[in-house]
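Here are some notes for your reading of this entry. Keep the structure open beside them and go through the points in order.

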Amino acid sequence: MSKLLGLDMIGVSSDYSTSMIPQEDVILRMDKKYPIADYFSYLIVSDNIRSLDGKTDLFLIDPFQRKDAIKRKVKRGLGIEISIASARKLEAVMAGRWLKEVKSIYEFCQSNHCQFILSSGATSVNEMISARSFESILNVVGISPRIYWKEISEWLYAKSKARWDHVKS
Amino acid sequence: MQKVRQDGIMLNHKEKRRYVAIMYDENGLYRPFQIHEKIVVRFRELFGIFQSELAMLKLYDSEFGNIMIVGCKLKYLDYFLVSLILTQPALTAVSLSGTLKKLRKNVSRLGVRNIKNNPS
């Protein structure tokens with residue numbers, strides 16, 4: 001499916017299943033480290049500001065929430081993720097505002113050395129979003145897709161490299 | 001190619017179009033013409049009626065089960081794709097081409113009908 005959408009990697013929510021076959025183009029998303037993480041690339045994901053700690057890789061943000069509280073808690077290198085799934089249900093005015101907020105969160109990430117991540121938030125195949133569609137959103141809000149893909153690749157590489165270094169030592 | 005007119009030179013220029021193959025939920029409530037209407041409404045809401053008319057969003061028959069094809073002017077492709085992903089029900093653009101013939105060929109190569117059984 002990732003090839004069909006033009007994506008090199010996709011994040012899959014972990015349901016603690018051990019029956020999955022490790023694949024290179026899959027990154028598991030989990031709320032804490034489970035044994036399955038020994039076989040897959042993984043990211044620790046949180047959507048609760050209170051549970052945000054040093055182990056969290058990715059924080060799922062509501063674009064309409066105030067950024068003051070987040071600013072106090074974020075650390076350098078944290079991924080800040082916006083899910084598109086919730087925006088589909090928004091009415092016209094709020095959908096327009098959502099696009100504006102995407103840009104403002106991107107600027108927030110730039111100034112706080114965090115990684116901006118746009119995700120589909122898909123729970124089924126039909127909700128998945130192609131690379132070209134992600135690029136359209138980025139273009140419309142005024143973010144260069146080329147820079148976005150470069151930064152996200154470097155961030156993912158740094159995350160996996162840090163883990164390998166940890167395993168070796 | 002140029003046509004010379006009395007009031008100057010007019011370029012015989014046809015604006016480029018792009019055709020997008022869109023995967024939709026076959027078991028959902030909506031048929032392709034209703035989904036097309038929903039995308040057009042979202043486009044109008046986000047980018048305005050004038051832009052929507054200029055984009056010339058047109059529905060085509062895909063000849064595949066859960067795939068529909070929508071054409072739009074290349075200049076408005078980003079607006080169209082944003083409207084598509086911000087439309088409820090969820091839709092996925094699976095292929096894009098400059099001609100309908102090539103797009104149908106691309107879609108037939110994808111084996112889209114098998115996707116639901118192979119989520120990874």
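In what order do the elements of chain A run from the N terminus on?

1. They run β-β-β-β-α-β-α-β-α-α. That string holds the four helices and six strands of chain A. Please keep in mind throughout that this is a predicted model.

2. Two general figures for chain A may help. Of its 169 residues, 24% count as buried. Among the contacts in chain A with a separation of 6 or more, 41% are between residues 24 or more positions apart.

3. Next, the meeting of the two chains. On one side 24 residues of chain B are in contact, and on the other 23 residues of chain A. In chain B, the elements that give two or more residues to this side are H1, H3 and strand S6 (92–97). H3(B) supplies the largest share, six residues. By class, the side of chain B that touches chain A divides into 16 nonpolar, four polar and four charged residues.

4. One part of that meeting is a pair of helices. Helix H3 of chain A covers residues 131–141, and helix H3 of chain B covers residues 77–85. Their axes come within 8 Å and cross at roughly 110°. Because angles from 65 to 115 degrees count as roughly perpendicular, H3(A) is described as roughly perpendicular to H3(B). The crossing of these two helices is left-handed.

5. Which residues make this contact between H3(A) and H3(B)? From H3(A) come A:Arg132, A:Ser133, A:Ser136, A:Ile137, A:Asn139 and A:Val140. From H3(B) come B:Asp78, B:Tyr79, B:Leu81, B:Val82, B:Leu84 and B:Ile85. Sorted by class, the contact has seven nonpolar, three polar and two charged residues.

6. H3(B) also packs within its own chain. Helix H1 (residues 32–47) of chain B and H3(B) meet at an angle of about 115°, and their axes are 9 Å apart. H1(B) and H3(B) are therefore roughly perpendicular to each other. This crossing is right-handed. H1(B) contributes B:Ile39, B:Arg42, B:Phe43, B:Leu46 and B:Phe47, while H3(B) contributes B:Tyr79, B:Phe80, B:Val82, B:Ser83 and B:Leu84. The residues of the contact of H1(B) with H3(B) are eight nonpolar, one polar and one charged.

7. Is H3(B) mostly covered or mostly open? It is mostly covered, with seven of its nine residues buried. The buried residues of H3(B) are B:Tyr79, B:Phe80, B:Leu81, B:Val82, B:Ser83, B:Leu84 and B:Ile85. They pack against H3 of chain A and, in chain B, against strand S3 (17–23), H1, helix H2 (49–55), S5 and S6.

8. Last, a single loop residue. B:Ser62 lies in the loop between strand S4 (58–60) and strand S5 (67–73) of chain B. Why is B:Ser62 classed as buried? B:Ser62 has 22 other C-beta atoms within 10 Å, and a residue is counted as buried if 20 or more lie within that distance. Leaving out residues up to four places away in sequence, B:Ser62 touches B:Ala21, B:Ile67, B:Met68, B:Ile69 and B:Val107. B:Arg17 is 45 residues from B:Ser62 along the chain, and the C-alpha atoms of the two are separated by 16 Å.

Definitions and conventions:
Residues are numbered from 1 along each chain as its sequence is written. Chains are lettered from A and ligands numbered from 1 in the order in which they are written. This is a predicted model: local features need pLDDT of at least 70, side-chain atom pairs count only at pLDDT 80 or more; totals for chains, interfaces and linings use all residues. Axes are lines fitted to C-alpha atoms, for helices over the stretch in contact, and angles run from 0 to 180 degrees between N-to-C directions. Angles under 35 degrees count as roughly parallel, over 145 as roughly antiparallel, 65 to 115 as roughly perpendicular and the rest as oblique. A crossing is left-handed if the near helix is turned anticlockwise from the far one by less than a right angle, and right-handed if clockwise. Two residues are in contact if their C-beta atoms, placed from the backbone, lie within 7 Å. Ala, Val, Leu, Ile, Met, Phe, Trp, Tyr, Cys and Pro count as nonpolar, Asp, Glu, Lys and Arg as charged, and the others, Gly among them, as polar. A residue is buried if 20 or more other C-beta atoms lie within 10 Å of its own, exposed if 12 or fewer, and partly exposed in between; C-beta atoms are placed from the backbone.
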